[in-house]
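Biologist: I'm new to this one, so could you walk me through it? Let's look at it together first.

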Amino acid sequence: MTTFRRARQLAEGLPRIVEQASASAHDVAVVVVDNDNEPSARAFVTELSTDVHYIHEPRPGVSAARNAALDAASEARALIYVDDDTVPGPGWLDAMIDAWARDRPAAVSGSTVFTFDSDADARYARGWGEFEPSRRPTGASCDSAASRNLLLDVGFLRAHDLRFDEHLGLIGGEDTLLTRQVTAAGGSILWCDEACVTEAVPASRVTRPWLLRRAFRSGGSWAYAVIRTAKSGPRRTRAQLLRRAVPIMVVRSTAAALAVAMQRRVAARRAWRDVVSQAGVLAICLGARGMREYGRGR
């Protein structure tokens, strides 16, 4: 578990992980990587359980924290990442490990259910097409995966010299890039729907500005990962993405305008989200470095 100044969320999810690790038939170690400037989570973690290993990684950015966990797992066969604002459901840990042990893929992605402060927040966020529950049939293949609930085969990563890109540490999308690199290297990512975590979405993330910023960043992160992993080379891939993005922006802008005229709010929001997402794609293709989403004040 990587964490950054989220004591309340850490106190909710970490004890559940410790409980499941203690009850598991598998040999499991629980590691918390604190990405704060100062070791602010040390006291809570050490008081919670002597079985939790605490690591302080002050270099800013979630990629540095995730790589610190990877370095700490030098003797492990598999490493499971969860975010500090997620709470694992019953049987989560063993379901994740069993799915990996059964098929030995390069990665296993679990499911996520999002909760909100109110039903109104849930309707508004999902009206933008954001924070939909991530569910698929168990065993389904994935092209990429989020690191909020992700198992990685440590041997596969080392064999292909794969790590989280620290350029993306404060931007986001480091998990998209790494998991696309996994599949580009011939590894498989399998879905395990029984390995479910819950993530609480704060009201601060259920606003038009935040959702549009997320759309822009997500579009850019996806484009960056596609460019980095494309077999056709970065220059040709950028040109292909540009030729794809511009018509989508035109079509979806028109759809947004029509939806506004017809007072179809949900349709308008989803159309604008698509426009802004493609704007993020354009920005990366034209040489932008990406928008910082995970600064030190997040």
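Modeller: Happy to. Keep in mind that this is a predicted model.

Biologist: Let's start with helix α1: which of its residues are buried?

Modeller: Helix α1 covers residues 7-23, which makes 17 residues. A residue counts as buried when its relative accessible area is under 20%. The α1 residues that pass are Leu10, Gly13, Leu14, Ile17, Val18, Gln20 and Ala21.

Biologist: And how far does α1 reach from its first C-alpha to its last?

Modeller: At 1.5 Å a residue, 24 Å would be expected for this helix. The model comes close to that, with a reach of 24 Å.

Biologist: Which element gives the most residues to the largest nonpolar core?

Modeller: That core has 25 residues, and Leu14, Val30, Val45, Trp92 and Val108 have the most contacts inside it. Two or more residues come from each of α1, β2 (30-34), β3 (52-56), α4 and β9. The top contributor, with seven residues, is α4.

Biologist: Valine 45 caught my ear there. Which residues is valine 45 in contact with, leaving aside its neighbours within four places in sequence?

Modeller: Valine 45 is one of the residues with the most contacts inside the largest core. Two of its partners, Leu10 and Leu14, are also listed among the buried residues of α1. The full set for valine 45 is Leu10, Leu14, Val32, Val52 and Tyr54.

Biologist: How many residues are in the second, separate core?

Modeller: This one includes Ala69, Cys142, Leu157 and Leu162. As a general point, nonpolar side chains in soluble globular proteins tend to be buried together. The second core has 23 residues.

Biologist: Now arginine 66: is it buried or exposed?

Modeller: Arginine 66 sits in helix α3. Beyond residues up to four places away in sequence, it touches Thr2, Tyr81, Asp83, Ser147, Phe164 and Glu174. Its relative accessibility is 4%, so arginine 66 counts as buried.

Biologist: What separates the C-alpha atoms of arginine 66 and threonine 2?

Modeller: Along the chain, these two are 64 residues apart. They are also in contact, since Thr2 is on the list of residues that arginine 66 touches. Their C-alpha atoms are separated by 6.8 Å.

Biologist: Glu174 was on that list too. What do the buried residues of α7 pack against?

Modeller: Glu174 belongs to helix α7 (residues 174-184), where the buried residues also include Asp175, Leu177 and Leu178. The elements that the buried residues of α7 pack against are α3 (62-72), β8 (149-153), α6 (154-159), β9 (189-201) and α8 (208-229).

Biologist: How are α5 and α10 placed: parallel, perpendicular or oblique to each other?

Modeller: They pack with their axes 8 Å apart, at an angle of about 55 degrees. The contact is made by Tyr124, Arg126 and Gly127 of α5 with Val266, Arg269 and Arg270 of α10. Those residues divide into two nonpolar, one polar and three charged. As for the placement, α5 and α10 are therefore oblique.

Biologist: Last one, on loops: is phenylalanine 131 buried or exposed?

Modeller: Phenylalanine 131 lies in the loop between α5 (119-127) and β7 (141-142). Its phi is positive, about 60 degrees, although it is not a glycine. With a relative accessible area of 6%, phenylalanine 131 is buried.

Key: Residues are numbered from 1 along each chain as its sequence is written. This is a predicted model: local features need pLDDT of at least 70, side-chain atom pairs count only at pLDDT 80 or more; totals for chains, interfaces and linings use all residues. Side-chain values use heavy atoms; hydrogens and water are left out. Helices (H or I, at least four residues) and strands (E, at least two) are DSSP runs, numbered from the N terminus. Buried means under 20% relative accessible area, exposed over 50%, partly exposed in between (1.4 Å probe, protein chains only). The expected span of a helix is 1.5 Å times one less than its number of residues. Contact means heavy atoms within 4.5 Å. A nonpolar core is a set of buried Ala, Val, Leu, Ile, Met, Phe, Trp, Tyr and Cys residues joined through side-chain atoms within 4.5 Å. Axes are lines fitted to C-alpha atoms, for helices over the stretch in contact, and angles run from 0 to 180 degrees between N-to-C directions. Angles under 35 degrees count as roughly parallel, over 145 as roughly antiparallel, 65 to 115 as roughly perpendicular and the rest as oblique. Ala, Val, Leu, Ile, Met, Phe, Trp, Tyr, Cys and Pro count as nonpolar, Asp, Glu, Lys and Arg as charged, and the others, Gly among them, as polar.
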